[in-house]
Amino acid sequence: LMWVSFFMYTLSAVFSFMFLFSGKKNYFAWAGSTLWTGIFILASTGLLGMITAWITWGGIVWQEPRMIMLAKMLLASGLIVTVNALLANPKFKALLYSALTVVVWWLLLTTEKIIHPSNPIFSSNVLAIKLFPLAITFF
């Protein structure tokens, strides 16, 4: 789910640039909608990840860099959404949507991994772990 949220943030930036270059308001509407969708999915992923960590490890490791990254992403998202609510200029809002996407990707690409492996599903030797995402996707 986290990668879906990053895709939505990226779509928001794409629609923002399309709006900035064309001036078509429907692109701006799509930029905002995809951003909100990305934020919702990111927050949901974080909540589900915390529940999974609690079940798996008996608690949440708040100092884990990926958890801190998630908090920073959600904080930056909340800040941009709040600032945008106070602004009237849609072109400036679109620029902020794009800037937020850059921040999210920068945080993702520069955060180290300590506990969580890069690809936990497909690097696992346990077949059930590999099949579970397919099962919840298709059934």
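**Helix packing and a nonpolar surface patch**

Ser5 is located in helix H1. In this predicted model, Ser5 has a relative accessibility of 0% and therefore counts as buried, the limit being under 20%. Beyond its neighbours within four places in sequence, Ser5 is in contact with Gly38, Ile41 and Leu42. Gly38, Ile41 and Leu42 are themselves among the buried residues of H2.

The chain as a whole is helical in its pattern. It contains 5 helices and 0 strands, and reads α-α-α-α-α along the sequence. Of its 139 residues, 34% count as buried. Among contacts with a separation of 6 or more, 69% join residues 24 or more positions apart. The exposed area is about 9000 Å², and carbon and sulfur atoms supply 75% of it.

The largest nonpolar core holds 24 residues. Phe6, Tyr9, Leu42, Met73 and Leu100 touch the most other members. At least two residues of this core come from each of four helices: H1 (2-22), H2 (25-57), H3 (65-86) and H4 (90-110). Phe6 illustrates the packing. Neighbours within four places in sequence aside, Phe6 is in contact with Leu42, Met73, Val104, Trp105 and Leu108. Leu42 thus recurs: it is in contact with Ser5 and with Phe6. In soluble globular proteins, nonpolar side chains tend to be buried together.

Helix H2 was examined further. H2 has 33 residues, and at 1.5 Å a residue it should span 48 Å. Its end C-alpha atoms are 47 Å apart, which agrees with that expectation. The buried residues of H2 are Phe28, Ala31, Gly32, Thr34, Leu35, Gly38, Ile39, Ile41, Leu42, Thr45, Gly46 and Ala53. These buried residues pack against H1, H3 and H4. Gly58 follows H2 and has a positive phi, near 80°.

H2 also contributes to the surface. A nonpolar surface patch of about 600 Å² is formed by Leu1, Val4, Leu47, Leu48, Ile51 and Ile55. H2 provides the largest share of this patch, 4 residues. Leu1, another member of the patch, lies in the segment before H1. The relative accessible area of Leu1 is 61%; this is over 50%, so Leu1 is classed as exposed. Leu1 and Ser5 therefore fall into opposite classes: Leu1 is exposed, whereas Ser5 is buried.

Key:
Residues numbered from 1 in each chain as written. Predicted model: local features only at pLDDT ≥ 70, side-chain atom pairs only at ≥ 80, totals over all residues. Heavy atoms only, no water. Core = buried A, V, L, I, M, F, W, Y, C linked by side-chain atoms within 4.5 Å. Buried < 20%, exposed > 50% of the residue type's maximum accessible area, 1.4 Å probe, protein only. Contact = heavy atoms within 4.5 Å. Patch = residues over 30% accessible without salt bridge, like charges linked within 9 Å, V, L, I, M, F, W, Y side chains within 5 Å. Areas by Shrake-Rupley, 256 points an atom, 1.4 Å probe, with all protein chains shown as cover. Salt bridge = Lys/Arg side-chain N within 4 Å of Asp/Glu carboxyl O. Expected span 1.5 Å × (residues − 1).
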